[in-house]
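Subject: Structure handover, backbone notes

Hi,

Here is the structure for you to load. My notes on the backbone follow below it.

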Protein chains: 2
Amino acid sequence: MPGHMAWLTMDKTYRSDCPIARMLDLVGDKWTLLILRDVLVFGCKKYGEFEHRVERIPTNILADRLKRLVQYGLLHKVPYQDGPKRYHYLPTPQGKAMLPVISAMRDFGETYLGGRVPAG
Amino acid sequence: MPGHMAWLTMDKTYRSDCPIARMLDLVGDKWTLLILRDVLVFGCKKYGEFEHRVERIPTNILADRLKRLVQYGLLHKVPYQDGPKRYHYLPTPQGKAMLPVISAMRDFGETYLGGRVPAG
DNA sequence: CGGGATCCGTCTTGATACTG
DNA sequence: CAGTATCAAGACGGATCCCG
């Protein structure tokens with residue numbers, strides 16, 4: 001990827017040049033990484049699949065985060081049916097590149113927070 | 001650490017059993033992991049050192065997050081001077097265990113967000 | 001019914017002023 | 001230097017409504 005790797009774009013500007021700060025400008029909230037978990041770990045694709053997971057994300061937040069993740073280039077929104085039109089939310093390569101972050105979080109959480117990954 | 005590893009405690013309850021969700025209940029905001037970055041990557045110890053970093057965290061948020069990180073058991077607040085009393089914020093073993101999460105974020109950010117870690 | 005959009009009250013953030 | 005206080009602005013959360 002000499003030089004020509006596509007960078008993800010934000011709607012607003014980043015706080016600083018630090019890659020960690022930029023990460024948090026993208027996914028630094030309570031829900032975004034959970035949606036990515038659902039995509040990458042549990043293979044969720046449809047709106048309703050995200051909506052009905054154990055954490056019960058509010059629908060307005062879900063709609064907003066899906067939109068942002070598509071804007072940022074972490075998810076694709078691909079139609080799979082007409083009338084009524086329905087969409088799958090699928091990870092882009094950049095979205096898949098989030099997996100190590102999620103795995104590191106899972107490792108910490110399992111060791112120190114007494115968590116177990118919920119059944120798919 | 002067969003079984004008897006101390007779990008971190010929250011002030012409120014967790015959303016679910018998922019270790020990733022629990023992680024985000026602890027550090028799922030724009031600033032908390034940035035403070036941990038300052039501690040673990042740049043060796044910041046004192047209030048003023050956190051305050052004057054490039055991202056310019058608001059002081060009320062800084063005070064709040066330091067308090068929470070101490071409550072959660074990720075940082076220690078150790079006195080290093082009397083009259084006026086001053087404190088160092090130092091990582092606990094659990095705090096140090098966050099490093100893989102931060103490293104994974106840095107890797108992603110450097111690859112996809114055009115970030116470079118700011119000078120210490 | 002699935003996939004959202006809209007309202008609205010509440011809680012959190014962020015900027016800055018202030019204090020010991 | 002290390003925080004608190006204040007307060008406007010924004011994010012969250014939930015309920016409800018809407019549309020195909």
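P84(A) sits in a loop of chain A, the one that runs between β1 (75-81) and β2 (86-91). The bond leading into it deserves a look: G83(A) to P84(A) is a cis peptide, with omega near -10°. Bear in mind that this is a predicted model.

Chain B has a cis bond as well. There, G83(B) and P84(B) are joined by a cis peptide bond, and omega is about -5°. P84(B) lies in the loop between β1 (75-81) and β2 (86-91) of chain B.

Why flag these bonds, and the phi values that come next? Because most peptide bonds are trans, and most residues other than glycine have a negative phi.

Now the phi values. R56(A) is not a glycine, yet its phi is positive, about 55°. Look for R56(A) in the loop between α3 (47-51) and α4 (59-72) of chain A. Is R56(A) buried or exposed? Its relative accessible area is 52%. Exposed means over 50%, so R56(A) counts as exposed.

In chain B, R56(B) also has a positive phi of about 55° without being a glycine. The loop between α3 (47-51) and α4 (59-72) of chain B holds R56(B). Its relative accessibility is 51%, so R56(B) is exposed.

To recap, the places to inspect are the cis bond from G83(A) to P84(A), the cis bond between G83(B) and P84(B), and the positive phi at R56(A) and at R56(B).

Best regards

How values were computed: Residues numbered from 1 in each chain as written. Chains lettered and ligands numbered in written order. Predicted model: local features only at pLDDT ≥ 70, side-chain atom pairs only at ≥ 80, totals over all residues. Heavy atoms only, no water. Helix = DSSP H or I, 4+ residues; strand = E, 2+ residues; numbered from the N terminus. Buried < 20%, exposed > 50% of the residue type's maximum accessible area, 1.4 Å probe, protein only.
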